[in-house]
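Q: Please take a close look at one sheet and its strand pairs, and then place that part in the wider assembly. I am new to this structure, so longer explanations are welcome.

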Amino acid sequence: MNIRVPVAAARSGSSITTRRLSKTFNGTTVLQLTDLEISPGQILVLLGPSGCGKTTLLRLIAGLEQPDGPDMIRFDGEDVSGVPIEKRNVGMVFQSYALFPNMTVAENVAYGLKIRKIDRAQREAETCRLLALVGLEEYADRRISAISGGQRQRTALARALAIKPRVLLLDEPLAALDAVLRERLRVEISLLLREFGITAVYVTHDQAEAMAIGDRIAVMQKGRITQIDVPREIYHRPANDFVADFVGTMNRIAGRVENGVLNIQGEETMARLNVGGPDRATTLCFRPEAARLASGGGAISARVAAATFFGATQRLVADVSPECRLQLDLPSNLSFTPGQILAFDVDPDAILEFRAEA
Amino acid sequence: MRRQWTSVAGIVITALLTLFLVVPVLLSVYAGLTVNYARGMSAGFTFDWVRQVWGLYSDTVWRSLAVALLTLALTLLIGVPGAYALVRRGGRFARAVEEIVTLPVAVPGLALALALILSYGGAGAFRQSTLFVVVGHLLFTLPFMMRSVIAVLETIDWHTLDEGAASLGSPAWRRFVDVILPNVRPGIVAGALTVVTLSIGEFNLTWMMHTPMTKTLPVGLADAYASMRLEIASAYTLIFLIMVIPLLIGVQLVANLTEKRTQS
Amino acid sequence: MNSRRFDFLLILPLAIFTLAFLILPLARLALEAGSGPQGLAGFFVILTEARFRNSLIVTLVLAVLTTVATLAVATVAAQTLANRQFPGRGLLLSMLTFPLAFPGVVVGFMIILFGGRLGLEGSMTKSLFGTNVVFAYSLLGLFLGYLYFSVPRVLLTILAAAEKLDPSLVEAARSLGASPFAIQRDVVLPALFPAMYSGGALCFATAMGAFGTAFTLATNVDVTPLLIYTEFTLATNASMAAAISIALGLITWAALAIARSRAMRDTKGS
């Protein structure tokens with residue numbers, strides 16, 4: 001199942017700008033004032049838990065919902081607030097695909113072209129091209145009920161691309177598929193989007209998916225964007241506690257910093273992290289992969305509780321104290337026994353500290 | 001496994017019930033074909049009664065068919081778009097409208113017929129025409145067509161399909177024709193069969209609303225039962241059964257098909 | 001053409017039709033009922049005048065008896081048929097539900113064939129007991145006629161519910177030693193109750209408004225729909241007929257509304 005990518009497709013697509021975009025339903029503000037700039041051809045992923053407003057934002061851009069006020073959404077600088085979805089020329093891939101059960105795969109893909117009154121020969125040629133692109137040429141005449149979930153997903157994608165949209169909007173397109181299929185399609189969609197060069201907004205709650213696909217990720221919580229940046233920055237420099245937790249695993253050590261050092265003493269365990277700065281109560285965080293085994297005494301000594309083998313690496317769960325449980329990613333060729341005391345260091349650049357949210 | 005006495009009792013009751021419902025029908029068929037019912041089989045069988053009935057009442061048969069088909073056409077034109085409109089609107093308003101449309105099922109047919117006669121009795125040409133009867137049938141059958149279509153709409157995710165088509169640029173009327181209608185077809189077919197069956201068998205409304213020029217089959221039957229001998233009445237009933245039973249079989253087949261499709 | 005305009009066009013035919021041929025006529029009916037010589041008191045004549053009151057009582061009694069008997073028979077038959085496969089099941093079900101399409105007059109004729117002067121039952125009793133027992137034109141005949149058109153409808157409703165019933169519930173009750181009576185009372189009937197309630201309500205409403213059956217059997221029993229008919233056509237007393245129609249309609253509608261709200265409450269609670 002390979003996606004055949006076209007050679008050197010031109011960058012297409014509109015820029016999307018939102019200015020103080022908000023949406024209120026029945027008195028509840030589902031999306032807070034949101035300012036967004038998406039350049040042409042860029043893929044923005046909206047990432048967050050359910051209820052965070054990401055789908056609402058997508059639907060506002062699509063034209064399926066009306067913003068709270070005028071001139072809040074612009075495509076290529078033009079206000080599209082008054083333009084209904086039928087006229088906005090956005091390609092949309094729905095979570096449930098919204099494929100028409102009364103049409104075949106080919107008829108579904110061609111539907112947008114039929115509406116635009118493209119003549120039959122051209123329609124057929126275009127449909128063939130797209131089906132070949134997503135690897136579904138042999139399924140052209142199948143009924144929707146006769147194809148698998150992954151095939152439906154690709155049909156939905158082909159259908160949205162057929163109308164040469166200026167913006168492609170995807171609402172959790174992989175949510176209905178099993179894990180293996182998800183990972184495979186994730187790569188294919190990513191390739192396809194980049195080759196087509198269309199501006200895309202992609203909604204998901206899966207952080208691995210977000211980091212694999214997005215040029216930029218907007219992490220959303222409770223109706224607002226808490227951080228918007230490239231995946232690398234989001235991962236290594238999360239702006240706050242929520243982002244740190246939502247994206248990847250984060251270890252936390254809470255304690256008091258005195259004379260620039262955070263000290264925790266257990267019976268046989270300890271933690272000594274040199275972070276500088278004024279005396280304060282704080283929580284220091286770092287990712288599991290930031291840990292390195294120490295040859296001599298390390299910054300942290302912890303008691304091993306469990307080890308999970310992942311092939312190339314292993315994840316250790318080790319306790320500094322009953323309240324301080326850490327997860328560490330280490331090479332898998334070493335073996336550890338539960339109860340063993342381990343000494344390790346943490347890369348100082350990887351230690352993060354968050355101001356407590358009020 | 002020892003059969004419980006309750007199962008046996010159940011079977012007996014069901015058997016008696018079946019006999020109760022079926023035997024008179026068979027009797028009626030039989031009576032319509034005997035030369036003389038009182039004398040029974042010994043007098044032989046004949047189609048003479050059927051022929052006589054046809055000579056007397058064939059116009060009622062054609063009229064019933066015409067009324068049924070016209071009623072069907074109108075339920076399609078009025079009921080299908082109406083059902084979609086209600087489902088789109090949703091909420092209390094839609095439920096209230098459906099309640100009102102379903103009133104003719106709850107209110108006795110006589111009351112409705114009376115209401116219509118009082119309101120339109122003066123409109124001579126309309127009152128005397130078959131169209132007047134059709135209106136009565138329409139009142140009674142429209143809720144069934146609408147219910148059938150609404151039921152199917154509620155099972156398919158019409159809202160997402162509608163949005164999907166809209167995202168491809170399809171205007172509202174086109175979405176209705178290209179996407180919604182084809183996918184409610186099972187509901188329309190089931191509704192259509194029900195409407196035609198109900199229309200052919202409708203009596204209460206039609207009896208009050210008809211004129212000697214606009215008699216339907218059941219109205220003719222009432223005449224025959226009152227004034228004709230048993231053999232003629234039976235032969236006439238036989239013709240009615242021939243019209244209605246294939247329709248009922250159709251309704252059952254469609255119901256079975258939809259059940260199979262929802263199970264798969 | 002935008003969405004809103006299209007929505008308007010969708011509902012327009014329905015709106016026009018309902019307004020012109022349902023709402024206005026019903027309003028006209030109400031007006032007519034209140035415009036008789038007794039004015040608004042005409043609405044209560046169904047209770048005050050003996051002839052009408054008796055008719056109403058007979059109709060109510062008949063409807064209630066029919067409903068009870070129908071529910072009993074239909075529940076037994078439904079349970080017997082539910083989840084049982086046997087050759088000819090489809091045919092049997094068809095035969096049991098065909099009467100759904102019969103107008104009341106045909107049902108009346110069926111009863112006449114059964115128990116009229118030349119009826120089957122008459123000739124049977126004649127050969128057995130020497131006398132031709134004719135019941136078709138009595139209250140019994142009327143009752144049987146009402147049963148005839150009620151059972152198929154209710155049977156379908158209860159059958160659908162019976163097939164949804166989990167058979168392991170009955171098996172569990174049996175394993176705990178419950179008698180057939182207890183199983184019915186504690187397991188089966190409570191599960192079938194919503195279907196019985198809605199089926200029973202529809203049965204009651206149909207029986208209240210039934211006209212054709214009584215018309216054909218031409219008994220000396222004057223059910224209320226017959227009364228409406230004679231008032232309008234023979235006595236040309238439109239306002240009286242209208243008043244009785246509305247009274248009958250309200251009683252029927254109320255019965256259905258109560259049943260529907262009870263049924264919804266029950267399903268919500270379960």
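A: **The sheet of chain A**

Strand β3 (residues 43-47) of chain A and strand β9 (residues 216-221) of chain A run parallel and are joined by four bridges; two strands are said to pair if DSSP finds at least two bridges between them. Helices (H or I, at least four residues) and strands (E, at least two) are DSSP runs, numbered from the N terminus. Residues are numbered from 1 along each chain as its sequence is written, while chains are lettered from A and ligands numbered from 1 in the order in which they are written. The model is a predicted one, in which local features need pLDDT of at least 70 and side-chain atom pairs count only at pLDDT 80 or more, whereas totals for chains, interfaces and linings use all residues.

Within the pairing of β3(A) and β9(A), L46(A) stands opposite A218(A). On from there, β9(A) pairs with β10(A) over five bridges, this time in the antiparallel sense, and here M220(A) has I225(A) of β10(A) opposite. The hairpin formed by β9(A) and β10(A) has two residues between the strands, and in this hairpin K222(A) takes a positive phi near 50°. Elsewhere in chain A, strand β7 (residues 167-171) and strand β8 (residues 199-204) pair in the parallel sense over five bridges, with L170(A) opposite Y202(A) of β8(A).

These pairs belong to an open sheet of six strands in chain A, whose order is β6-β7-β8-β3-β9-β10 and whose pairing is mixed. β6 and β10 (224-229) of chain A stand at the edges with a single partner strand each, so one side of each is left without a neighbour in the sheet. Direction ignored, neighbouring strands of this sheet are turned by 20° against each other on average, where the axes are lines fitted to C-alpha atoms (for helices over the stretch in contact) and angles run from 0 to 180 degrees between N-to-C directions.

The domain assignment divides chain A into domain 1 (16-246) and domain 2 (251-353), with bounds that come from an automatic or database domain assignment. The centres of domain 1 and domain 2 of chain A, taken over C-alpha atoms, are 40 Å apart.

The edge strand β6(A) also appears where chain A meets chain B. There, 17 residues of chain A are in contact with 15 residues of chain B, two residues being in contact if their C-beta atoms, placed from the backbone, lie within 7 Å. Two or more residues each come from α2 (85-88), β6 (90-93) and α3 (105-115) of chain A, and α3(A) gives the most, with three residues. By class, this side of chain A holds 12 nonpolar, three polar and two charged residues; Ala, Val, Leu, Ile, Met, Phe, Trp, Tyr, Cys and Pro count as nonpolar, Asp, Glu, Lys and Arg as charged, and the others, Gly among them, as polar.

Chain B, on the other side of that interface, has 13 helices and zero strands. Its C-alpha trace spans about 75 × 70 × 30 Å along its principal axes. Of the 264 residues of chain B, 52% count as buried, a term for residues with 20 or more other C-beta atoms within 10 Å of their own, against 12 or fewer for exposed ones and partly exposed in between, with C-beta atoms placed from the backbone.

Of the two pairs of chains that touch, chains B and C have the most contacts, with 68 residues of chain C in contact with 63 residues of chain B. Helix α1 (residues 3-33) of chain C gives the most to the side of chain C that touches chain B, namely 17 residues, and this side is made up of 51 nonpolar, 14 polar and three charged residues. Chain A and chain C do not touch, their nearest C-alpha atoms being 9 Å apart.

As for confidence, pLDDT is the predictor's confidence in each residue, from 0 to 100. Chain B has a mean pLDDT of 88, with 96% of its residues at 70 or more, and chain C has a mean of 83, with 93% of its residues at 70 or more. For the complex, the predictor gives an ipTM of 0.85 and a pTM of 0.80.
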